[in-house]
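The report below is meant to be read beside the sequence and the coordinates. It takes up the charged pairs, then the helices, then the sheet and a loop.

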Amino acid sequence: MKPQGPPITPQGMAALKARYDHLLGTERPAIVEIVSWAAGNGDRSENGDYLYGRKKMREIDRELAHLARRMKVLRVVDPGAQVDRSRVFFGARVTIADEDDNHQTVQLVGDDEQDAARGRIGWNAPLARALRGAMIGDVRVVALPSGAREWEVLAIDYD
């Protein structure tokens, strides 16, 4: 049986794992060292290094737990393995044009790896949901806070 968690690209999963490894192997040990040193300096209630270090360690531990939970449920989907390349599916790089003929290229990626500045939109974003299953030439309407907009699919690429 295939796992049915939220999708993520192999690169996105690698980035989450790299962040987890960095926190666990570099940042957390450095904070533990600072807290240990500060604890040896006496009164902890007025020791800024100790108090800040404990707070920072809790933040790191929370992020580590969050990353571990996410990595456990995410389903890695390789866009390059997509068989039907005539439609928009997960991982597709899609060139679209709006009513004013403004072109833009977006890639549909996992919600954990979205980055609008780099044209990577989350799988559950309104535009991504509207584009799912579209073919070249299809016009899709996207309901945005500023009002509905139409987008025409000009190109689909999985490389």
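A salt bridge is counted here where a side-chain nitrogen of Lys or Arg lies within 4 Å of a carboxyl oxygen of Asp or Glu. By that cut-off the side chains of Asp-138 and Arg-140 meet in a salt bridge, with 3.7 Å from N to O. The model is a predicted one, and side-chain atom pairs are considered in it only at pLDDT 80 or more.

**Charged pairs**

Across the whole structure, a search finds 11 salt bridges. Three of them are set out here, with the N to O separation for each pair.

| Basic residue | Acidic residue | N to O separation |
|---|---|---|
| Arg-140 | Asp-138 | 3.7 Å |
| Arg-19 | Glu-27 | 3.6 Å |
| Arg-70 | Asp-112 | 2.6 Å |

In the pair of Asp-138 and Arg-140, Asp-138 has a relative accessibility of 26% and counts as partly exposed, and Arg-140, with a relative accessible area of 22%, is likewise partly exposed. Salt bridges with shared partners also join Arg-19, Glu-27 and Glu-63 into one network. Within that network, Arg-19 is partly exposed at 31% relative accessibility, while Glu-27 is partly exposed with a relative accessible area of 24%.

The salt bridge between Arg-70 and Asp-112, at 2.6 Å from N to O, links separate elements. Arg-70 belongs to helix α2, whereas Asp-112 sits in the loop between β4 (103–109) and β5, so the pair ties together parts that are 42 residues apart in sequence. Arg-70 counts as partly exposed at 22% relative accessibility, and Asp-112 counts as partly exposed at 29%.

**The helix pair**

How do the axes of helix α1 and helix α2 cross, and within what distance do they come? Helix α1, residues 10–39, and helix α2, residues 48–73, have axes that come within 9 Å and cross at roughly 160°. Because angles over 145 degrees count as roughly antiparallel, α1 and α2 are described as roughly antiparallel to each other. The crossing in which α1 passes α2 is left-handed. Sorted by class, the residues in the contact of α1 with α2 comprise 19 nonpolar, 1 polar and 9 charged ones.

**The sheet**

The strands of a sheet pair through backbone hydrogen bonds, and they may do so in parallel or antiparallel fashion. In this model an open sheet of 5 strands shows mixed pairing and follows the order β5-β4-β3-β7-β6. At its edges stand β5 (120–122) and β6 (139–144), each of which has a single partner strand, so one side of each is left without a neighbour in the sheet. Between neighbouring strands of this sheet the turn is 45° on average, when direction is ignored.

The partner of β6 is strand β7, residues 147–157, to which β6 is joined by 6 bridges in an antiparallel arrangement. Which residue of β7 stands opposite Arg-140? Trp-151 in β7 takes that place, and Arg-140 is also the residue whose side chain meets that of Asp-138 in a salt bridge.

**A loop residue**

Finally, is Val-83 buried or exposed? Val-83, which lies in the loop between β2 (75–76) and β3 (93–98), has a relative accessible area of 78% and is exposed. Its C-alpha atom is separated by 16 Å from that of Ile-136, a residue 53 positions apart from Val-83 along the chain.

How values were computed. Residues numbered from 1 in each chain as written. Predicted model: local features only at pLDDT ≥ 70, side-chain atom pairs only at ≥ 80, totals over all residues. Heavy atoms only, no water. Pairing = 2+ DSSP bridges. Helix = DSSP H or I, 4+ residues; strand = E, 2+ residues; numbered from the N terminus. Axes fitted to C-alpha atoms, helices over the stretch in contact; angles between N-to-C directions. Parallel < 35°, antiparallel > 145°, perpendicular 65-115°, else oblique. Left-handed = near helix turned anticlockwise from the far one by under 90°. Nonpolar A, V, L, I, M, F, W, Y, C, P; charged D, E, K, R; others polar. Buried < 20%, exposed > 50% of the residue type's maximum accessible area, 1.4 Å probe, protein only.
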